[in-house]
Amino acid sequence: MDNSAIQTLEAAAQVLMAPPNLVSSEQRHQAESVFLEFRSTKNPYQLCREILEKSNTDCVLFEGASLIKTALIREWNLLSADDISSLREYLLLYLLRREVPPYLKEKLLQTIAVIVKRGSINDGGRDRKALLEELEKIILSSPISQQKLACSLILSIMQEYAITVKSADVGLIWEIHFKLKKTFEGQDLKRIFRFTVGVLEQIVRSGHQPEGEQASLTKQLLTIVETVLCWNHVSPLLSKRLIGAFEAIYESDTAPALRLSLNWRDTIMQPELIALFFEIHMYVRNNPDLLNSSLTCLVQLASLSGVVVSASNLKQQYLENYVNSFVRILGFIQPSEREMLGISQIYRRLVQFFTATMIASTPPAFLQYLTTYTCHCIRGSVIEEGVNDDTVWRESLNKFLHTWSSLVHDADGFPNATLMSPCIEIFNTYLQCRLAPPDGTRGTEGSDGCNDDIKDDMEEDERQLHSNILLTIGAIARKAPAHCCHVLHTLLTDRSKRLESQLQLMHMGKMQNMNGGEQLVTLFEDLHWILMITGHFLALDCTEGETVIIPSELVEYSVAQNANVDASLRYLVGETTTTENVDDILKLVGEILRISSYECAALEAGLASVFSPELSATLSWLLKIWANAYLVLQPPQCSEVLEAAFGRGSRGVSWVVSLAARRAAATLRHLAAQPPAARHALALLATLAHPQHRENPLASCSEFLALVVWEMHGSNLPGDLRRELHRVFAIAATYAEGDERNRLLSSTVTLQHKLMNIINMESDTEPVRNMLADTLDCFIGVTEGVLEVGSIDEQFTLLMGALDKIPGIIFRYHNYPGVVLPALNLLAKSAKRMLHSVQLQNVTKFLEVCNATFEVYMRWNSGKISSIPQDAEEEAYEDICALMEVISSVSRCGAGCGAEAAWGAACARGLRLLLPLVTPPLLALPTLAARAYRMLRDLDQADQIINLPIEDFNMVITALRVGLTAVSCDVSTLCCDTIVGIANTVRSLGDDNAYAISLLSLAELLLMLIIKMEIPPDSIPAAGAAIYALTCVKPALLEGLARQLIEAYAVNDPANVPRLEESFRVLTNGVLFDGLRTHKLRFQDNFDKFLASVHGFLIVK
């Protein structure tokens, strides 16, 4: 054959690769046409061989190699077995005798792997077995370059059978892909593993260092073993959801657990195998390119589970073999940074996959090394915080602490006596790393991230940033409460005295030099960390409103001390400094409260500019989580001493609440410009005001009531903090009575007067609009704080006075989103409260306000809600999202409101206003789309959609038709949920009803989307429920849809008709479409089997 075709391709490649200024667009278009024509060449194998032999142009070589694979897949059934075998042998010989670029080698290796996989459909893997034998011989006896090539080909074959995102699309249905994978696992995976491990053993025994080509070969062998150990095995029963399962290994952060079948037992249970893997690790650990693969193998071996070790004695035996080899090598190494991460993962996997009893039977060295390495990682992570952005030490520490969390919480594991000493060591290490000398090491390791002034560290909340680590440190510390109480109390006592002394000097103006300021900064930092550690030791952090109790270890410790009640109480309130026979828990609380008092005195004395806002925030945070667990205690959740101090009706509760309220008020007044300090002070007040503390005297506390007066006269708090303060006032007012309630409500009265004054202003300037938005925000705080509906509705009346003004505000300020948004948000937030009011006139009035708001909004925004332009951006529709939230809130909260007719009319009016927006362009705006379909779902759950006129109902069905085609899982799931709800209501009307007919029109679309995999995988369960609900409306529906689908496939794919018929029989087997839960569950199970079947033989990869 002449070379004209190759020359034409090379010339075209030259044009394509040339700079734009040297070729015209016409020349480039002609060159592209040459390659497009080349890619469609039939039977191109001889031409492609000549290209591989003769061409030196990279682009042409790549196109030639790609065409071989594409043509093979396309023309497989037209080629003889001899032609295919000849091509495979040629490609392998070509690679063995030539040095080719990596891109070309990878493409040709994948082509060989595709040939092997496709061929195994007919020969049962005979050709694969012969090829593997050939490759094994090459690895054992050929030059190292050929050995590496053989390893690469084994990896390519494994990649094809693994069915991952890297596998070629070879035109096979999923059912065949999975059967081939299962056969490969049964016939060859273990063989590859044993052979590769054997070669690695020879390399290790050879004594040659892993360098150069030898290291490269070792890397490839390790990668093969790593791939086997990370293999996602096919379940004996094929996955219910075949599609998508193949990608799991590449999408998850960690490989799946090592679950092996029984035929692996003779291999994996050999003690020599585990020892060999640790020996391999010792051989490669100093080579960074090999280290990660070796560690991954060890981590996977630590997760062995499944039937291969189903007998407990086998599992115990395997663990003993593994741990013995593990601790043996730990005695010889000083782990590097990356190696430590692998070791932490090994510990985590062992504790995760073996029972606590088994772990507790490990040799002492296992726990000793865990303790040593945890302490080492604590030091490394603290240094790492200030040195660079790398997080290896922190990742390792997190995994070690996950392991410790399991150990200290598992009652069947190590006894407390065994854990106490390691826990003390870890606690001491963490504490030392966070404290300045002489008690700690902070700042002695250069820039360790801890020696900066915490006043400047305001970007991220410190308490949140370190919460996960401190949570476990607290749990560890509670295993040795006597030691940790003593250490923390000693440190707190020392630092509180120094704080008092320093603040007194500052107040008297005697500490002016720089050195004194540095000492204060160091003291603040020390206190910040001691208090954070103490907080996590004493109590569990939680979200607002969540009820927690004192940790059981501390209750038991307090009971065991049997301390003197009177002495403990006297120490708590500061009447004495002697600690003899004082409860250790109260010692800590007493010191914390004293430090809090010093801060309060300093702020009131004008020292706010020198006090650390981060320390203030930490104090508020600690008092918040402590109060949530300790205030208003009841037996048996506390000891006698704790009940006397903080039990129901005790004087200690009043004293603590007064003290906490005073310091929170001082913080708000003097540190309002410091967001962390003010925010945490408000969180403390909110916790004290919450219903689980309704018996505490916050509402009658003079310090707290003084805050109300301060806010009424115009506080200096920023807008978001004022909103939160009004929420706290409203919470407290909910549970207050008499004069106290009136004084708390006066803040809302003042707010209402302010709103009226702003509305009556004639000027329309930006400051006025900002004041209005800020006032509306404060009313949102009020409505969020009304937690219960009382028989007296003063709060509702006051709220109604503000809500009544919203239509007018939107009318006047419709061009200003900064005002419209808070107005609509206030309406949405108020729905739950107002619709549950005990006074019907409040409910009716609120619904009238909603209707008026809809009308006003429609008047000024009719164009905006009629269509969505192609270049629309989410930000432009924030007000519509807020309006949708109003409609959702009204629909969710109106049931049983006493004005059902007015409620339904408001829902219908709001929906009619926004339905024109729900069109295909809406799906391009994910936030708005999700909000719109959530609104439809909420309206359906309130039974409002079925009450619409049929014309409006049809618009809802059209909107659902649009939503079902969305790529967003959220939107498609919401649509399916809405269909289920409507179907359940429509079912009682009969299948010939206009509403039923309209709804059932969605069934065919939904079923086709499911079968063609055009619905998000996570929405499949909801889609199955929707199909069942629709069939309940018309029991003959599914049979009719099945008949249509089968008739469609009979034309183009008659071979699959019998399988489709059988799949639909499986779908309806044993199911009655009566809506009962039993039949829903049976249908869902059948539906999963149905999908596994039809996707298996209809969907091609």
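Buried, in this tour, means under 20% relative accessible area. The model on screen is a predicted one, and the stops below take in two cysteines and then a pair of helices.

Begin by selecting C600, which at 3% relative accessibility falls under that cut-off and therefore counts as buried. Show the cysteine sulfurs as spheres and look outward from this residue: the nearest cysteine sulfur belongs to C701 and lies 11 Å away, and C600 is in no disulfide.

Select C484 next, where the relative accessibility is 1%, so that this cysteine too counts as buried. Its nearest cysteine sulfur is that of C485, at a distance of 7.4 Å, and C484 takes part in no disulfide. With a disulfide taken as a pair of cysteine sulfur atoms within 2.5 Å, the count for the model comes to 0 disulfides.

Now move to the helices, selecting residues 337-353 for helix 16 and residues 392-409 for helix 19, whose axes come within 9 Å and cross at roughly 20°. Because angles under 35 degrees count as roughly parallel, helix 16 is described as roughly parallel to helix 19. Turn the view so that one helix lies in front of the other, and the crossing to look for is a left-handed one.

Finally, display the side chains where the two helices meet. On helix 16 the contacting residues include M340, L341, I343, Y347 and V351, while those on helix 19 include V392, W393, F400 and L407. Charged residues also belong to this contact, among them E337, R338 and R348 in helix 16 and E395 and K399 in helix 19. Colouring by residue class divides the contact into 9 nonpolar, 6 polar and 5 charged residues.

Terms used. Residues are numbered from 1 along each chain as its sequence is written. This is a predicted model: local features need pLDDT of at least 70, side-chain atom pairs count only at pLDDT 80 or more; totals for chains, interfaces and linings use all residues. Side-chain values use heavy atoms; hydrogens and water are left out. Buried means under 20% relative accessible area, exposed over 50%, partly exposed in between (1.4 Å probe, protein chains only). Axes are lines fitted to C-alpha atoms, for helices over the stretch in contact, and angles run from 0 to 180 degrees between N-to-C directions. Helices (H or I, at least four residues) and strands (E, at least two) are DSSP runs, numbered from the N terminus. Angles under 35 degrees count as roughly parallel, over 145 as roughly antiparallel, 65 to 115 as roughly perpendicular and the rest as oblique. A crossing is left-handed if the near helix is turned anticlockwise from the far one by less than a right angle, and right-handed if clockwise. Contact means heavy atoms within 4.5 Å.
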